[in-house]
Amino acid sequence: MPHRDDTAEILRTALFAARAHADQRRKGARGEPYVNHLLEVAALVAAHGGPPEAVLAALLHDAVEDAGVRVETLRAEFGAEVAAIVAEVTDDKSLPKGTRKELQVQHAAAKSAAAKRVKLADKTSNLRALAESPPADWDDARRLDYVLWAKRVAEGLRGASPGLEAAFDAAAAEALASLRVEALASLRVDPTP
Ligand code: ZN
């Protein structure tokens, strides 16, 4: 296993993740390549002092859940520590979506510090995307539901990284502000007689 803080190791992981998600796009109207999200989450974790294994896990955080990569494969490629963090942030897809979302709220506080960092960065990236390029088929109610749910999950993730918490809080405020602006715009009465 190479040193995890090697530039080469980070890029090897980013390439693995980019290939695993090569056929996926983000839900936003812009349809950004999925790897943009993975790089943003990893950049957030790294910028706020995340340990190297958390940065690698951030690049891989959706590989099991959304790209069908096996945890055993991650263990063989990136080591037990990275694979364990990814497993911690992976939902059980055999459960209905509503149950999975509720379990994220309930389980957040019991996660390891590294998993909390990855999850906070993930939610931050998702809220930024919601403010900047929301899914075209999400109405305001669905967007508001998402922001309020993300805030509930984030409450359980506090304590691992004040910097990531601040980034999350800013992204949540921005997402709410974008909803408010649009709600006001839709209420605006045409002033012409
Ligand atoms: Zn994600």
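**Exercise 1. Classify R100 by burial and describe its surroundings.**

Solution. R100 has 14 other C-beta atoms within 10 Å, so R100 is partly exposed. The cut-offs behind this are as follows: a residue is buried if 20 or more other C-beta atoms lie within 10 Å of its own, exposed if 12 or fewer, and partly exposed in between, with C-beta atoms placed from the backbone. This is a predicted model, in which local features need pLDDT of at least 70 and side-chain atom pairs count only at pLDDT 80 or more, while totals for chains, interfaces and linings use all residues. Residues are numbered from 1 along each chain as its sequence is written.

Next, place the residue: R100 is found in helix α7, residues 97-107. Helices (H or I, at least four residues) and strands (E, at least two) are DSSP runs, numbered from the N terminus. Then list the partners. With neighbours within four places in sequence left aside, R100 is in contact with D91, D92 and L95. Two residues are in contact if their C-beta atoms, placed from the backbone, lie within 7 Å. Finally, R100 and A170 lie 70 residues apart in sequence, and their C-alpha atoms are 25 Å apart in space.

**Exercise 2. Do the same for S112.**

Solution. S112 sits in the loop between α7 and α8. S112 has 14 C-beta neighbours inside 10 Å and therefore counts as partly exposed. Residues up to four places away in sequence not counted, S112 touches I85 and E88. From S112 to D6 there are 106 residues in sequence and 23 Å in space, C-alpha to C-alpha.

**Exercise 3. Describe the overall make-up of the protein.**

Solution. Start with the secondary structure: there are 10 helices and zero strands. In sequence order the pattern is α-α-α-α-α-α-α-α-α-α.

Then take the dimensions. A compact globule of 193 residues would have a radius of gyration near 16 Å, and the 18 Å of the protein agrees with this. The radius is taken over C-alpha atoms, and the globule rule is 2.2 Å times the number of residues to the power 0.38. Along the principal axes, the C-alpha atoms fill a box of roughly 75 × 35 × 35 Å.

Last, look at burial and contacts. Of the 193 residues, 32% are buried. Among contacts between residues at least 6 apart in sequence, 70% join residues at least 24 apart.

**Exercise 4. Is α3 enclosed by the rest of the structure, and what does α3 pack against?**

Solution. Six of the eight residues of α3 are buried, so α3 is largely enclosed by the rest of the structure. The buried residues are A54, V55, L56, A57, A58 and L59. They pack against α1 (7-20), α2 (34-47), α5 (71-78), α6 and α8.

**Exercise 5. Work out how α3 is set against α2 and α6.**

Solution. Take α2 first. The axes of α2 and α3 come within 8 Å and cross at roughly 165 degrees. Axes are lines fitted to C-alpha atoms, for helices over the stretch in contact, and angles run from 0 to 180 degrees between N-to-C directions. The angle makes α2 roughly antiparallel to α3; angles under 35 degrees count as roughly parallel, over 145 as roughly antiparallel, 65 to 115 as roughly perpendicular and the rest as oblique. The crossing of α2 and α3 is right-handed. A crossing is left-handed if the near helix is turned anticlockwise from the far one by less than a right angle, and right-handed if clockwise. L38, V41, A42, V45 and A46 of α2 meet A54, V55, A58 and L59 of α3. By class, this contact has nine nonpolar, no polar and no charged residues. Ala, Val, Leu, Ile, Met, Phe, Trp, Tyr, Cys and Pro count as nonpolar, Asp, Glu, Lys and Arg as charged, and the others, Gly among them, as polar.

Now take α6. The axes of α3 (residues 52-59) and α6 (residues 80-88) come within 9 Å and cross at roughly 55 degrees. This makes α3 oblique to α6. The crossing of α3 and α6 is right-handed. E53, A54, L56 and A57 of α3 meet E81, V82, I85 and V86 of α6. The residues of this contact divide into six nonpolar, no polar and two charged.
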